[in-house]
Amino acid sequence: MKSIQAEFQKDPREIRIKAGAQQEEWPQVCRRFNDDVERVCDVTGMESYTGLYQCFDEKNKGVFYLVEEDDALARLKRRHFLENIGIQH
């Protein structure tokens, strides 16, 4: 799952890849932000990226990432959810 840092403006809605941003593996980005991430919206027309996510640092400052969502991401979300409710698998 690839991701890249983005800039997001809500009104008018505008999403663009941040200048100088490098592609990163999404699970590594999530770990760096201690899995404090939320999905913002669907994305179309941005290469293979399909979702915009916001990650929060320790000061609760948000950073946006475009993410290429795939089956591996769905499995990762499910595993994380099950761990949060106490089910280890």
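Before selecting anything, consider the contacts of the whole chain: of those with a separation of 6 or more, 42% are between residues 24 or more positions apart. Keep in mind throughout that this is a predicted model. The chain has 89 residues, of which 30% count as buried, and it exposes about 6,100 Å², with carbon and sulfur atoms supplying 46% of that area.

**The overall order of elements**

Colour the model by secondary structure and follow the chain from its N terminus, where the elements run β-β-β-α-β-β-β-α, giving six strands and two helices.

**Strand β1 and its partners**

Select residues 2–9, which make up strand β1, together with residues 14–17, which make up strand β2; these two strands pair in the antiparallel sense over four bridges, and they form a hairpin with four residues between them. Within this pairing, phenylalanine 8 has isoleucine 15 of β2 as its bridge partner, while alanine 6 is matched with isoleucine 17 of β2.

Now add residues 62–67, strand β6, which runs antiparallel to β1 and is joined to β1 by four bridges. Which residue of β6 is the bridge partner of alanine 6? Select phenylalanine 64, which takes that place in β6, and keep isoleucine 17 on display as the bridge partner of alanine 6 in β2.

Then add residues 24–25, strand β3, which pairs with β1 in the antiparallel sense over two bridges. Here the bridge partner of lysine 2 is glutamate 25, and lysine 2 is the next residue to examine.

**Lysine 2**

Show the side chain of lysine 2, a residue of strand β1. Does this lysine count as buried or exposed? Lysine 2 is buried, yet has no salt bridge, and the nearest side chain of opposite charge, that of glutamate 68, is 4.5 Å away. Because a salt bridge requires a side-chain nitrogen of Lys or Arg within 4 Å of a carboxyl oxygen of Asp or Glu, the 4.5 Å between lysine 2 and glutamate 68 does not qualify.

Select serine 48 next, since a polar contact of 3.1 Å joins its side chain to that of lysine 2. To see the wider surroundings, display the residues in contact with lysine 2 beyond its neighbours within four places in sequence: Gln23, Glu24, Ser48, Tyr49, Leu66, Val67 and Glu68.

**Arginine 16 and its charged neighbours**

Move to arginine 16, which lies in strand β2 and counts as partly exposed because its relative accessibility is 38%. Leaving aside neighbours within four places in sequence, arginine 16 is in contact with Ala6, Glu7 and Met46. Try a distance label from arginine 16 to methionine 46, C-alpha to C-alpha: the two are 8.2 Å apart in space, although 30 residues apart in sequence.

Side chains of opposite charge can pair when their charged atoms come close. The structure holds five salt bridges, and with arginine 16 still selected you can display one of them by adding glutamate 7, whose side chain meets that of arginine 16 at 3.0 Å, N to O. Glutamate 7 is partly exposed, at 32% relative accessibility.

Add glutamate 14 as well, which forms a salt bridge with arginine 16 in which the closest N and O atoms are 2.5 Å apart; the side chains of this pair are also joined by a polar contact of 2.5 Å. Glutamate 14 is partly exposed, with a relative accessible area of 33%.

**Arginine 39 and glutamate 69**

For the last stop, select glutamate 69 and arginine 39, whose side chains meet in a salt bridge at 2.7 Å, N to O. What does this pair tie together? Glutamate 69 lies in the loop between β6 and α2 (71–84) and arginine 39 in strand β4 (residues 37–46), so the pair ties together parts that are 30 residues apart in sequence. Glutamate 69 counts as partly exposed at 24% relative accessibility, and arginine 39 is likewise partly exposed, with a relative accessible area of 35%.

To finish, return to the earlier charged group and display Glu7, Glu14 and Arg16 together, since salt bridges that share partners join these residues into one network.

Terms used:
Residues are numbered from 1 along each chain as its sequence is written. This is a predicted model: local features need pLDDT of at least 70, side-chain atom pairs count only at pLDDT 80 or more; totals for chains, interfaces and linings use all residues. Side-chain values use heavy atoms; hydrogens and water are left out. Two strands pair if DSSP finds at least two bridges between them. Buried means under 20% relative accessible area, exposed over 50%, partly exposed in between (1.4 Å probe, protein chains only). Contact means heavy atoms within 4.5 Å. Accessible areas come from the Shrake-Rupley method with a 1.4 Å probe; for residues, only the protein chains shown count as cover. Lys and Arg count as positive and Asp and Glu as negative; His and the chain ends are not counted. A polar contact is a pair of N or O atoms within 3.5 Å; within protein, one must be able to donate a hydrogen and the other to accept it, and residues adjacent in sequence count only if both atoms are side-chain atoms.
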